[in-house]
Structures are given as C-alpha cells and as structure tokens.
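Here are a few exercises to work through at your own pace. Have the sequence and the 3D view open beside you, and try each task before reading its solution.

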Amino acid sequence: MKKILLLVLSIAPLLAFSQGFQVNLEGQKQIGMGHTGTGTLQDGASVFFNPGAVAMLPENYVQGGISPLFFKSDFNPSGTSIQDRTANKVATPFEFYAVWGPKSSFWKLGLGVYTPFGGLTDWGNTWQGKYVLESLDLKAIYIQPTLSIKLADWMSIGGGFVYNRGSVDLTRAIPLANSSGQPGQAELKGSGKGYGWNAGVYFKTESGVTIGITHRSQVNTTIPSGNAIFSVPASLQSSFPQPNTFSATIPLPAVNSIGFGFYPSSKWILALDVNIVNWDSYKTLSFDYKSNTAALQDTHSPRNYQQAYSLRGGAQYKATNKLALRFGGGYASTAVADGYVTPEAPDANRVYGTLGLGYTMAKHLDIDISFEYEHLMQRTQTNIESQLSGTFKTDVYIPGISLAYHW
Amino acid sequence: MKTFKQHIYIIAGLLLLGACKPEIHTPKPSAGSVDFSRYISLGNSLTAGYADGGLYLAGQQVSYPSIIGKQMQSVGGGAFTQPLFSTAQANGSGYLSLTGFNADGTPITTAVTTNLAIRGILPVPGFGNVTLYTKYTGDINNYGVPGIKLIHITYAPYGNLNGYYERLLPGNSPTNSTTYLDFVMAKPFTFFSNWLGNNDALSYATSGGAGDVLTDKGTFAYLYNVLITTLTAKGQKGVVATVPDVTSIPYFNTITVSAILAGVQKANPAAKALYINALVSGTTYAPRQATTKDLIVLTFPTSMIGQPVSTPYGTLPYGLTPYTPIDNQYVLDENETALTEDYVTSYNTTIKSVAASKGLAVFDAYTFLQNVKQNGLVVDGVSVNSNYISGGLFSLDGVHLTPRGYAIVANQFIKAINDKYNSSIPQVNISDYNGVKFP
C-alpha cells in the first residue's frame, strides 16, 4: 500500500540543431574564398550557391569533393578545472555536382548532392554532461535537381527542388543505476526525409560587378519512426517499453543570401556574401514516443532560436594560367540564445578563415584543395533545461579536396 | 617515390589536426584565507556516509566529507582518511538493498547480512544491548558517528553505548570514558566541518515521538557554544550545517494517511477514517481521526491495518476505530511535528548565530532540502527530488542520502566554504555518483 512509485524521469533528448550543424562546405573553390559564391560564378557548385547563375556557366561540369571535418569541443564545468573534450572523430561532408546544357544554349540542367547540415560529436560516457548527451551523429544529405535559364546576357534565373535525407543517432546516459552502479542508456536512431526548394537570380552589371540573390527554403525533416532503444535496470524495463519508436520533426532553416563579385583585374576575383538564416522558426523540439509510460512521456523542449546572419568575404588570385590561390574568411552570429546552448553543437558566434589552391591538371580537369579553420567564441552558459553549467570552446579544422571535370 | 612523399605530408598533416585541442583557461584553485592541510569532519550518520539503513564500505567511500577532502587536495588539503570497514567486512552493519517491485509498484527491500563487521552484542546494564563492530585503528579525518547527538559530545560513557563510536576507540565497552569532543580534539587540525544536531530532533521524530526525546533548546545552545569554541580555540576555520526540516525527508512523506485510507476503502468502502494516538499537549496522548497533517513513518507495516485486535469493546480492526488507534511509534502527528519544527528552528538559530560569532561558513541544509522538497533540483541533466527511491537523492531508508545526494551536499558545503573564505575548491562532478541502485 506504499505510495505507488511513479518513476517520472525527464529523459527528453535535448537534441539541438544549430548553426553548429550548418557545415558550409559546398564547394572547394568557394571554401577557399571564405565560402562565398552567391554573386560569383566558378563551377558546378553554383547549383548550391546560386541556381540562378548556373545558366551562365560557360561549360558543363561534373565534380565531386570531400571535406573531412575535425570538430573539437572543450567543456569546463563551472567551479572546476576539469576539461571535458570531444573524442577525435571525423565527419565527412561531401559535395557532388553535375551541370549540363547544349553549348551556347540559354538553359542548363543541374544536379547537386551535398551535406549542408551535419554533426559528429562524441563526448564519451564519463563526462559531466553524460545525462544530457554522450554522442550525436547527424547527417543530412540534400539532393537537388535544378533548372537555370539565361533571360539575357546580363541576367539569369534558376531554381531547384530539394529532397533531403536525414539520419540521426543520439546516445545519452539515463540516471538510473543498475546493481553495479552503472547508469542506463538511451539511444535514438532513425532516418527521415524532407522537401524544399531554392531559387536564385544572377546579374552581370555594366560596371562589371556581378550580383546574386538566392532563397533556400526551410526543409522540415521528419523522422516518422525512429528506434527508441532504452537499456535500464531489468526491474524498470517495463517503464521503458521495448521495442519502441519515436517521431520528431526538425526544421532546417530557410537561408536568404545576397552576394557580389568584383573583378579589379583579370587575375583577381573578390567576393562578398551576406546570409540571413531564419533559425527563428525553430521554437520547440518535440519527441513523440509511440509507447508512453509514466516514466517515458513525450517531450517538448523549448529552443527559441533567433535569426542568425553571416558575413563572408574572399578572394582568388590567378597566379598563373594553371594555378589559382584563394583566401577568405567570415563571421557568423549564433542562432542559440543564452540559456539554450547544448553540448550537441555548443554554438556561439564564430569566426573563420580559409585558404585554397586550385590547379588545372589537364585541359578539362581541375583539382582544388582548401583548408578552413573555424573558431567558436568561448561561451559560458547554464542551460535552462538541464542546468548543465560551464564554458564551451570549440575549434573546427576542415581540409578539403575536389576534382572537377569540365567541357 | 615523389607521390609517396606527398602522401606522407598529407597523413602527417591530418594526424596533426587530430592532435590539436582547444583549451579553456581556468584560474588555479586557491585556498583563499584558509589552511586546509588537515581537515576533519564532525557529525552523525550523514557525515559517516550511512545509507540504506546501514553503514557499509561503499557508503563510507562516498561520504560527503570524503568528497570534500578529495576536492580540497587541489588547494593544499592533506590526505583524508576515514575509518573504513575492511573489504572482507565491506557490508559493515548490514544494509537494505532493493531487490524488486511488487505488482502495485511498491519496492521490495532485502537486508544484506553477509560480510558484516559485527564482533558481538554487549548487554549494557541500564541501557540495553550495544552492537559492537570490528575495531578501526589508524588515522581518522572523518569523525562521523551514526546516532550521535549534540547532547552526547561531552558524555564520558558514550563510548560504551554507541558501537559506531566504540569502534573508533582503543578501549572496549564498557571501559571507555573518552568524550567525543576530547577524542576529536586529540590531534591538531586546521579546518573542520560540523553537522551535529540532526539527531537531537530526528531521533524523536523517527520514533514517532514515542521512543526518544527532543534535546532541550537551552542545552543545545550551551553545548553548541562549547563545541564551536573548542573547535576554533586555535583559530581554526570551519563550516557548519543547519539541521534539516525533518518533514522534508521521504521517511515521513512516502506512506500517507490518504494513501492508506484509499487502500482500506478499496476493500471496505464503509471505512471513513484512520485513527491514531495523537499528542494533545505535554505528554498527554488521546486517540483521534488522522488527518493529512499527520505523518506516517516509512517503516510502518501497512498490513497491520484492519487486523483484528481484542479490546474491552470486542474485537475491532486495527487503526480503524478510536479504541484501536495506530500506535504512537508509527505516527508523527500534527502536534509532534509542530513541536519538532519549533525545536529545529531554535537549534538552527543557535547554529547560525554561533557560526556568525566565530566567522564560520554555513551550509543551510534546512533551506536547501526544503527547497528541493518544494521545487526539485536539476543538476547536469539529472532531475532529483525528495521522493522515495525515484527522487534519486534519498537512499532506501528514507532519511540518509544516496551517493548522488551526498555529492550534491558536498558541493553545497564547498560552495559555502568558497563563498566565506574566498577559496576556490573545485566542485565535484555529480554525474559520477548514482542514485538508488535498481536490480
């Protein structure tokens, strides 16, 4: 007759998508120039950067590249001198583009396959925040067929349809110890899809400056039936029914961009991009479990993201006919307000710098390499929901390489 | 060969990236204005690391003083030694373990009775049986003695009556005559923590107001002054803690009058009320209907309810008539609760004023635990509250804490010390400590 024990535990997965996941690695030439490309025209990566510019490409393109991403976060819990660091794991954002149209025709078709959002964060199972997150592996692959039309010699437009395939694998400890004192574990694993579109316009002005304006729509990625795996002490397993599934929808935000290209001499290209990312559409993150119990309730975590912007600039110097040198950098404001920072991607305002090198290996073949260093400002936070309190600092190192064949 | 060399550079470059790591610069921990070289802890069962109804090695190893002692080592603290049970006798006094749940969700606990450190039971004339434990010889920093009250600290025969204290002394009961205060003071120290005083109220409360008495307020104030004056005689610094509100612990909040009554009414809808033997005033008790303000102890065997009891008025069901009230020992009734709270408030006024007069740090356990009871607490993604078992803070006896609870308390002590003495003893990682263990 003792009071029934309702093991009401908050096991809400505090999954955050944040700009930490906006990986901005969609073309090696563009990365080298500070990840600009809305207002310039370099290669098939325009499918992503500005579908409106694709029709202006003088040639057809097939190209692919990869950017191994070293994401290194450090967390110092408040009031301690402990340094908790993420494990050395390498995420592999990639890009593939094909652009084709009849020679000197007014239209071009394009296809892009790229990874604009993703994350691989592994804090391990002994750190201070293990009940918030142990590891997260998140992938979003966008597949985008595109049509671009040249309306005049000085103006072209284009648009694409986006099909997104996303997957998530998240683990965290559950604060229920078994007889040997080991905590339980939750793993949420699933994949889903979403749809969106993008459109752009590209101008060549009389002064020689090129301008691009694009809109990439929000893509709501829905995981309809992911696996919710809970390992807890046997006597509590009935509170965490197995097998179980979850559904969740995560908005990948709309991005509005304007970009400019300047050509002070035949050897130089200067580019400037401004992006506005509508993260403010991301208000709550809800997880709906198929089987609920008193201990396992659906969760609705406030996110209250704010609109973010980024400023990017870059330059290319054509040292010889075959060799291009590139550099650039930028600044991005965080979407995550104070109190909402989570260890999935401990977001903060960030600066980055890039270097790049392009080499024409053969008549139709370019090889491009790039390197990006990104620094997230140190940020001391207490998360409202988890009360995890401490300082995050993150550095990201991204080398990249691509091959482009054009004819 | 040339391409091989290029590959080497690329591989070396990638390895280099792997080796880079961000670093957050933190100020070096500082002792502030305190010498932490020998820290000692005074207190009762909570200080000793008692949990799940017993004192055993695993509980001792996560006692809050041992956690504090370990954290102090980065600011000049010395070794912190506890009177641990040996691994062969790791289960010490024995304790409760959770072995399952009944179909209705109520927990099943089983006593652990192997590998105990009990060396005998000694009948002490005029007192009763005293359980004696395997002696501990060696250095002691943690002087926590389960069961001790403030009123005992100057009582010379106490070393014969409390087996946990007797265990620390060289002599055997009944030949001991060293007071607790003298024992603690025998070796110099530079810093102390003191959490004595709980049992002066708690022993009365947990016995339902029937098996013990509250320590007189004046006596408490006198002894607390003696204690702190002695401890600080050579300018030692320290931290003291207040006495928690006894009603904030699950021992009094798990089995409720309304839950019992609801159970009775399921079988017998005619039952209208429970009856208890309640304090009227002074020492006068009389039967009356129980209300939600009367607290039932966790150890009450609820199966007793409704059992036939023969009375001068015939055979009547236990607990359901004024002639067969629930025994006093199972109930801390409304008046007893008020009385206890009045004493606790007085004790805490004493503790805080004495601490202030000596410039000591204070961990206000009363306020902290009351806050947890009312609002719960979230630490590093772990939600804790004052509920029995599920709350994660209190162990299976409903009075003492889990490792997680002791770690949280240790951080509160550390915070109080740091605030007072401008030190920066690092906080401990709560995530490393578990709540109740489930089978």
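**Exercise 1. The contact between the chains**

How many residues does the contact take from chain A, and how many from chain B?

*Solution.* Keep in mind that this is a predicted model.
- Step 1: Count each side. Chain A gives 46 residues to the contact and chain B gives 40 residues.
- Step 2: Locate the chain A side. Strand E2 (69-77), strand E8 (155-177) and strand E21 (389-406) of chain A each supply at least two residues of the side that touches chain B.
- Step 3: Sort that side by character. The chain A residues touching chain B are 20 nonpolar, 18 polar and eight charged.

**Exercise 2. Chain B as a whole**

Describe chain B by its secondary structure, dimensions, burial and contacts.

*Solution.*
- Step 1: Tally the elements. You should find 13 helices and 17 strands in chain B.
- Step 2: Box it in. Along the principal axes, the C-alpha atoms of chain B fill roughly 105 × 60 × 40 Å.
- Step 3: Check burial. Chain B has 439 residues, and 49% of them count as buried.
- Step 4: Look at sequence separation. Taking contacts in chain B between residues at least 6 apart in sequence, 70% join residues at least 24 apart.

**Exercise 3. The nonpolar cores**

Which residues touch the most other members of the largest nonpolar core, and why does this core lie between two domains of chain B?

*Solution.*
- Step 1: Find the best-connected members. The largest nonpolar core has 180 residues, and B:Ala201, B:Ala410 and B:Phe413 touch the most other members.
- Step 2: Find the main contributor. Helix H13 (residues 403-421) of chain B provides the largest share of this core, 10 residues.
- Step 3: Bring in the domains. Domain 1 (39-252 + 333-432) and domain 2 (257-291 + 295-332) of chain B both give residues to this core, so it lies between them.
- Step 4: Zoom in on one member. Beyond four places in sequence, B:Phe413 touches B:Tyr64, B:Ile68, B:Ser193, B:Val239 and B:Phe363.
- Step 5: Turn to the second core. This separate core has 15 residues, among them A:Phe75, A:Tyr340, A:Ala348 and A:Phe392.

**Exercise 4. One glycine**

Is A:Gly190 buried or partly exposed?

*Solution.*
- Step 1: Place the residue. A:Gly190 sits in strand E9 (residues 183-204) of chain A.
- Step 2: Apply the cut-off. A buried residue needs 20 or more other C-beta atoms within 10 Å; A:Gly190 has 19, so it is partly exposed.
- Step 3: List its partners. Beyond four places in sequence, A:Gly190 is in contact with A:Val168, A:Ile223, A:Ser225, A:Gly226 and A:Asn227.

Note on methods
Residues numbered from 1 in each chain as written. Chains lettered and ligands numbered in written order. Predicted model: local features only at pLDDT ≥ 70, side-chain atom pairs only at ≥ 80, totals over all residues. Core = buried A, V, L, I, M, F, W, Y, C linked by C-beta atoms within 7 Å. Buried ≥ 20, exposed ≤ 12 C-beta atoms within 10 Å, placed from the backbone. Helix = DSSP H or I, 4+ residues; strand = E, 2+ residues; numbered from the N terminus. Domains from an automatic or database assignment. Contact = placed C-beta atoms within 7 Å. Nonpolar A, V, L, I, M, F, W, Y, C, P; charged D, E, K, R; others polar.
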